[in-house]
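Trainee: I would like to learn how to read a fold from a model. Could we take the features in turn?
Mentor: Yes. Have the sequence and the structure open beside you.

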Amino acid sequence: MQIARVVGNVVSTTKSDRLTGLKMLLVKPVDLETFEEKGNVLVAFDAVGAGEGEIVMIVSGSSSRNTALTENKPSDTSIVAIIDYIDLRGKRIFSKS
């Protein structure tokens with residue numbers, strides 16, 4: 001699992017039938033020490049109703065196909081949680097509110 005920020009969305013009208021109805025978002029992992037974005041932007045299927053700018057938890061590989069929406073779908077990355085807050089070493093490093 002990784003923490004990431006939703007940075008955009010992907011719209012595709014022509015796609016595999018197995019992807020119909022799945023919302024695709026662009027996410028960029030964040031460093032928990034600095035809370036800065038790091039690494040490459042990824043396309044993730046949204047299983048929880050996330051939106052641009054939100055901090056989310058993502059899973060990759062076979063774990064991404066273990067949600068009700070992505071089961072047996074051609075998925076490599078899925079958003080499985082919208083983060084409300086993160087405490088690290090006794091200090092709040094992120095709060096949604």
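Trainee: In what order do the five strands close into a barrel?
Mentor: In general, strands of a sheet pair through backbone hydrogen bonds, in either a parallel or an antiparallel sense. In this predicted model, five strands close into a barrel in the order β1-β2-β3-β5-β4, and the pairing is mixed. Direction ignored, neighbouring strands of this sheet are turned by 55 degrees against each other on average.

Trainee: How many bridges join β1 to β2?
Mentor: Six bridges join β1 to β2, and these strands run antiparallel. One pair to look up is arginine 5, whose bridge partner in β2 is lysine 28. On to the next pair: β2 and strand β3 (residues 42-46) are also antiparallel, over four bridges. Here leucine 25 has alanine 44 as its bridge partner in β3, and leucine 26 has valine 43.

Trainee: How many helices and how many strands does the protein have?
Mentor: The protein has zero helices and seven strands. Read along the sequence, the pattern is β-β-β-β-β-β-β.

Trainee: Which residues make up the largest nonpolar core?
Mentor: The general idea is that nonpolar side chains tend to be buried together in soluble globular proteins. In this case the largest nonpolar core has nine residues: Ala4, Val6, Leu25, Val27, Ala44, Ala50, Val56, Ile58 and Ile79. The elements that give two or more residues to this core are β1 (2-10), β2 (24-29) and β4 (55-60). Another core, of seven residues, lies apart from it; Ile3, Val30, Ile55 and Ile83 are among them.

Trainee: What does isoleucine 79 touch?
Mentor: Leaving out residues up to four places away in sequence, isoleucine 79 touches Val6, Leu25, Val27, Ala44, Phe45, Asp46, Ala47, Val48, Ala50, Val56, Met57 and Ile58.

Trainee: Where is asparagine 9, and what is it in contact with?
Mentor: Asparagine 9 sits in strand β1. Beyond its neighbours within four places in sequence, asparagine 9 is in contact with Met24, Leu25 and Leu26. Asparagine 9 counts as partly exposed because its relative accessible area is 48%.

Trainee: Which residues other than glycine have a positive phi here?
Mentor: As a rule, most residues other than glycine have a negative phi. Two cases to inspect are phenylalanine 35, with phi near 60 degrees, and arginine 89, with phi of about 55 degrees. Phenylalanine 35 is in the loop between β2 and β3, while arginine 89 is in the loop between β6 (85-88) and β7 (91-95).

Trainee: Is each of these two buried or exposed?
Mentor: Phenylalanine 35 has a relative accessible area of 16%, so it is buried. Arginine 89 counts as exposed because its relative accessibility is 68%.

Trainee: What is the radius of gyration, and what would a compact globule have?
Mentor: The protein has a radius of gyration of 14 Å; with 97 residues, a compact globule would have one near 13 Å, so the value agrees. Taken along the principal axes, the C-alpha atoms fill a box of roughly 45 × 25 × 25 Å.

Trainee: What share of the residues count as buried?
Mentor: Of the 97 residues, 32% count as buried. The accessible surface of the protein comes to about 5,900 Å², and 48% of that surface belongs to carbon and sulfur atoms.

Conventions:
Residues numbered from 1 in each chain as written. Predicted model: local features only at pLDDT ≥ 70, side-chain atom pairs only at ≥ 80, totals over all residues. Heavy atoms only, no water. Core = buried A, V, L, I, M, F, W, Y, C linked by side-chain atoms within 4.5 Å. Buried < 20%, exposed > 50% of the residue type's maximum accessible area, 1.4 Å probe, protein only. Contact = heavy atoms within 4.5 Å. Pairing = 2+ DSSP bridges. Axes fitted to C-alpha atoms, helices over the stretch in contact; angles between N-to-C directions. Rg over C-alpha atoms; globule rule 2.2 N^0.38 Å. Areas by Shrake-Rupley, 256 points an atom, 1.4 Å probe, with all protein chains shown as cover.
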